[in-house]
Structure formats: C-alpha cells, structure tokens
Amino acid sequence: MKRLDREPSENARTYAVRVLLFNIINLELPPGTAVSENELSAALTLSRTPVREALIELSKLGLVNILPQRGSYVTRIDYELIEEARFMRLVLENAVLKLACEQGISEEYREKLKQNLEMEKQYLESGDSALLLELDNTFHRLLFESVNKARTYRIVHAQMIHFDRLRVLSLKSLKSSRTLQDHENILYALERRDGELAEMIMTRHLTRYQVKKEKLLQEYPDYFL
C-alpha cells in the first residue's frame with residue numbers, strides 16, 4: 001500500500017479515506033484483499049477510530065465489505081456498477097461535446113487540452129497507471145470546464161470510482177495507447193466543431209472496456225464478481 005502525504009487541513013478520517021481510496025482505485029489494494037484496522041492504523045500512524053470510520057465510509061461507496069467477526073475486504077469489481085456509471089458519463093460527456101462544438105472551444109482551453117496530451121505522451125511509456133489515470137481524468141475535466149460545467153463534472157467523477165478500477169486494470173494489463181489516440185481525435189473534432197464526429201469518438205472511447213472484458217476476466221478472474 002502506498003502512503004500519501006497528509007495535507008495540513010486534513011483531519012485523520014479524511015486522510016484515511018483519501019489514502020484508502022487511492023490505493024483501492026489504483027489496485028495497490030487489489031479486489032478481495034483483506035484490510036486490517038490494526039495494520040492500516042500502523043501504516044498511516046493513526047488511531048483505529050479514524051481508520052474504522054474510513055472503512056465504514058468506503059463500505060457505503062461499495063468499495064469495502066465489512067463482515068462482522070470476519071474482517072473487512074476490498075470488494076470485487078462489479079460490471080453492473082461499471083455499466084451504470086459509464087451510461088451516465090457517456091450521456092453527459094456527449095452533451096458537453098455538443099455544447100463545445102456549438103459554442104466553439106476557447107483558445108485557453110484548447111491550449112490546456114494540448115498540454116495535457118503532451119503530458120500523456122510523455123508518461124505513456126512510464127507504466128505509471130496512477131499518473132495516466134489522473135491525466136485521463138484531467139482531460140475530461142477540462143472538457144466540462146470549457147463549457148462552464150465544472151460542477152457537473154464533479155458529480156460524474158464521484159460516480160466513476162468503480163469504473164476507475166477497471167480503467168487502471170486495463171492500463172496495467174493491456175498497455176494501450178488508444179486512450180491518447182482517442183483524446184487527440186476528440187480534440188481534432190472539437191477544433192473542427194464536428195459534433196457528430198466528436199460523439200462517435202467519445203462513444204467508442206467509453207465503450208472500449210467491453211472489448212477488453214473477456215481478456216481481463218481470463219487474466220484476473222479473482223478480481224471480478
């Protein structure tokens with residue numbers, strides 16, 4: 001498990017939640033892993049109370065199973081939850097792309113998106129799935145911000161935690177550069193103000209996991225329900 005630096009403003013429970021969420025999403029704590037309050041408390045230099053509260057909060061998000069007298073475990077990946085999150089994201093992202101094509105994307109956001117793509121190229125070969133996931137999320141956040149829908153993005157992002165585990169697993173397993181290619185093509189469509197092309201690319205981009213599903217199930221059968 002990776003230990004993150006604690007922010008000055010964070011209380012113990014918030015810090016424990018953030019560290020555990022990072023490690024679960026990035027598969028440092030793989031699906032099915034037992035998580036011990038005592039071990040986590042020692043690793044994070046916290047008392048057991050904030051760690052217990054963090055596990056309860058993550059159980060409400062469907063990321064931890066707390067079994068009385070048996071311990072706590074990271075949940076396995078559920079494709080039904082992934083599909084529901086993907087559906088919501090696809091509907092909203094295509095609506096954002098339509099707005100961006102109708103209004104035209106500003107030079108400020110065009111440059112921010114291009115800078116993001118350059119960073120994706122730079123780190124693609126590093127194999128750092130956590131950083132690549134962050135850059136991927138940043139690209140999509142910028143799309144929402146470019147049409148003044150930052151609050152909508154925050155709602156979408158909060159629902160993506162189960163999908164994110166699958167995205168990280170795909171990055172670790174398949175070493176694909178298609179995410180970068182899709183992002184480049186989305187920006188191309190936006191610059192041309194071609195809403196139909198942008199929607200086609202985004203739909204393909206957010207449904208690739210369906211193609212990878214069988215391979216991942218074969219390679220990591222214990223990770224999935």
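In the predicted model, Phe224 is in contact with Arg76, Ile77, Tyr79, Leu166, Leu169, Leu216 and Leu217, once its neighbours within four places in sequence are left aside. Phe224 also belongs to the largest nonpolar core, a set of 60 residues in which Leu143, Ile186, Leu190 and Phe224 touch the most other members. The largest share of this core, eight residues, is contributed by α4.

Helix α6, which spans residues 129-146, recurs throughout the description that follows. This helix contains 18 residues and extends 26 Å from its first C-alpha to its last, a distance close to the 26 Å expected at 1.5 Å a residue. Because 14 of the 18 residues of α6 are buried, the helix is largely enclosed by the rest of the structure. Just after α6, Asn148 adopts a positive phi of about 60°.

Leu133 offers a local view of α6, the helix in which this residue is placed. With a relative accessibility of 6%, which falls under the 20% limit, Leu133 counts as buried. When neighbours within four places in sequence are set aside, the contacts of Leu133 are Ile25, Asn26, Asp164, Arg167, Val168 and Leu171. One of these partners, Leu171, is separated from Leu133 by 38 residues in sequence, while the two C-alpha atoms are 8.4 Å apart in space.

The surroundings of α6 also include open space. The largest pocket has a volume of about 530 Å³, and its lining consists of 17 residues, of which Leu21, Ile25, Asn137, His157 and Asp164 lie nearest the centre. At least two lining residues are supplied by each of α1 (12-25), α6, α7 (150-158) and α8 (161-174), and the largest share, six residues, comes from α6. In terms of residue class, the lining of this largest pocket divides into nine nonpolar, four polar and four charged residues.

The second largest pocket holds about 170 Å³ of space, and its lining is made up of Leu61, Leu81, Glu84, Ala85, Met88, Ala158, Gln159, Ile161 and His162. The elements that give two or more residues to this lining are α4 (79-103) and α8, with α4 providing the largest share, four residues. Six nonpolar, two polar and one charged residues are found in the lining of the second largest pocket.

Enclosed space was examined in turn. Rolling a probe the size of a water molecule over the atoms shows where empty space is left. Two cavities of 30 Å³ or more are counted in the model. The largest cavity, with a volume of about 350 Å³, is lined by 23 residues, of which Asp136, Arg167, Thr179, His205 and Lys212 lie nearest its centre. Each of α5 (107-124), α6, α8, α9 (178-192) and α11 (208-219) supplies at least two residues of the lining of this cavity, and the largest share, five residues, comes from α8. The lining of the largest cavity comprises nine nonpolar, six polar and eight charged residues.

The second largest cavity contains about 40 Å³ of space, and the residues that line this cavity are Arg89, Glu93, Asn137, His140, Tyr153, Val156, His157, Met160 and Arg167. Here α4, α6 and α7 each supply at least two lining residues, and the largest share, three residues, comes from α7. By class, the lining of the second largest cavity has three nonpolar, three polar and three charged residues. Several residues appear in more than one context: Asn137 and His157, which line the second largest cavity, are among the residues that lie nearest the centre of the largest pocket. Likewise, Arg167 is part of the lining of the second largest cavity, is among the residues nearest the centre of the largest cavity, and is in contact with Leu133.

A further buried site is found in a strand. Ser72 lies in strand β3, which covers residues 71-74, and a relative accessible area of 11% places Ser72 under the 20% limit, so this residue is classed as buried. Not counting residues up to four places away in sequence, Ser72 touches Thr33, Ala34, Val35, Leu55, Val64, Asn65 and Ile66.

Methods
Residues numbered from 1 in each chain as written. Predicted model: local features only at pLDDT ≥ 70, side-chain atom pairs only at ≥ 80, totals over all residues. Heavy atoms only, no water. 1 Å grid on protein atoms, 1.4 Å probe; cavity = no way out; pocket = protein on both sides within 12 Å on 5 of 7 lines; lining within 4 Å. Points joined across faces, edges and corners; volume = space filled by probe spheres on them. Nonpolar A, V, L, I, M, F, W, Y, C, P; charged D, E, K, R; others polar. Expected span 1.5 Å × (residues − 1). Buried < 20%, exposed > 50% of the residue type's maximum accessible area, 1.4 Å probe, protein only. Core = buried A, V, L, I, M, F, W, Y, C linked by side-chain atoms within 4.5 Å. Contact = heavy atoms within 4.5 Å.
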